[in-house]
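User: I should like to understand how terms are assigned to a structure. Please take me through the reasoning step by step.

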Amino acid sequence: MTHESFKSLLQRAAQRKGGVPALEALLGKRILGKKLLDDTAAQQSVAELSDDRILAAFTKQIFKSGFVWRVVENKWPDFEEHFFNFNIEKILMMPEEMLERKAADPKIIRNYNKVKTIKANAQMIFDITLDKNISFAQFINDWPSDDIIGLWAFLKKNGQRLGGNTGPYALRLLGKDTFLLSSDVEGYLRAQQIIDGGLQSKKSLTAIQNYFNNLQKDSGYSLTQLSRLIAFASGDNYVQVGE
C-alpha cells in the first residue's frame with residue numbers, strides 16, 4: 001500500500017494550523033528553505049545531563065501516568081527534597097522502612113508502588129554506569145534514533161513502570177529524539193494501514209519505526225517533529241499558536 005506523501009502531510013498540517021509560519025512555530029523548524037531551528041524538546045544534549053536528572057524525569061513521568069499532571073508539578077519540589085534530589089547513590093542506600101515512611105508523607109503523592117520504582121530505576125541506572133563505564137545520560141544519548149523502539153524495550157525490561165507511553169514521554173522530557181504514540185498518531189497510523197494489530201506488539205512497533213525512519217529520510221525532520229506533524233495533521237488536535 002502507498003502511504004500518504006510527506007508533502008501532503010505537511011500541507012494539511014499547515015492548513016489546519018493557520019499557515020506555514022504558524023506550523024513552523026509549532027514544529028520548531030523553518031519549512032521554507034529547509035533552515036533548521038532549535039527543537040524545544042531537544043535544546044540540550046542528553047549526554048550533558050547528570051544521572052540524577054534522568055532518574056527525576058523517569059519518576060516524574062511515572063507519577064504523571066494516570067494522574068493529574070498539575071498536582072505532580074506542584075508537589076515536585078517536595079519530591080526533590082524527599083529523595084535527595086534523586087542522587088543515585090543516596091537513593092540506593094535507602095532502607096525499605098525509609099521508603100515506606102516517605103511514601104506515606106502527604107507532601108508528596110502517596111503511592112508506595114510508584115515510590116518503590118525510584119530505587120528500582122536508580123539500580124538500573126547504576127548497573128549501566130558500572131557495566132558500560134559511561135553515564136546513563138550518555139547511554140541514552142548514544143542510542144540510535146532509528147531504533148528508538150529498542151530503547152523503549154530496554155527501559156520496559158530493565159526498569160519499573162517505564163513501559164507503554166511512560167518511557168517514551170520521559171525520553172522526550174529529557175530531550176531524546178523520539179516519536180510518541182499519542183491517540184492522534186495512533187489513529188493516523190491505523191488509517192494509513194501501517195499497523196492493524198495491538199499498538200505495543202513487536203510487529204506494530206517495528207512497522208512504526210520503519211515508517212518513521214522512511215519519513216525522516218524523505219523530510220530531514222527529527223522524530224520529535226514528525227510525531228508532532230502527524231498529530232497536527234490529523235485527529236482532534238486543533239491547537240493554534242498562542243492558544
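User: Why does Lys 60 count as buried or exposed?

Analyst: This is a predicted model, in which local features need pLDDT of at least 70 and side-chain atom pairs count only at pLDDT 80 or more, while totals for chains, interfaces and linings use all residues. Residues are numbered from 1 along each chain as its sequence is written, and side-chain values use heavy atoms, with hydrogens and water left out. Buried means under 20% relative accessible area, exposed over 50%, and partly exposed in between (1.4 Å probe, protein chains only). Lys 60 has 14% relative accessibility, so Lys 60 counts as buried.

User: What makes Lys 60 and Glu 73 a salt bridge?

Analyst: The term requires a side-chain nitrogen of Lys or Arg within 4 Å of a carboxyl oxygen of Asp or Glu. The closest N and O atoms of Lys 60 and Glu 73 are 3.3 Å apart, so the pair is a salt bridge. This pair links distant parts of the chain, 13 residues apart: Lys 60 lies in helix α3 (residues 51-64) and Glu 73 in helix α4 (residues 69-82). Helices are DSSP runs (H or I, at least four residues), numbered from the N terminus.

User: Why is Glu 73 called partly exposed?

Analyst: Its relative accessible area is 37%, so Glu 73 falls between the two limits.

User: How do you know that Glu 4 forms a salt bridge with Arg 12?

Analyst: Their closest N and O atoms are 2.3 Å apart, so the pair meets the distance criterion. Glu 4 counts as buried at 17% relative accessibility, whereas Arg 12 is partly exposed at 26%.

Notes: Helices (H or I, at least four residues) and strands (E, at least two) are DSSP runs, numbered from the N terminus.
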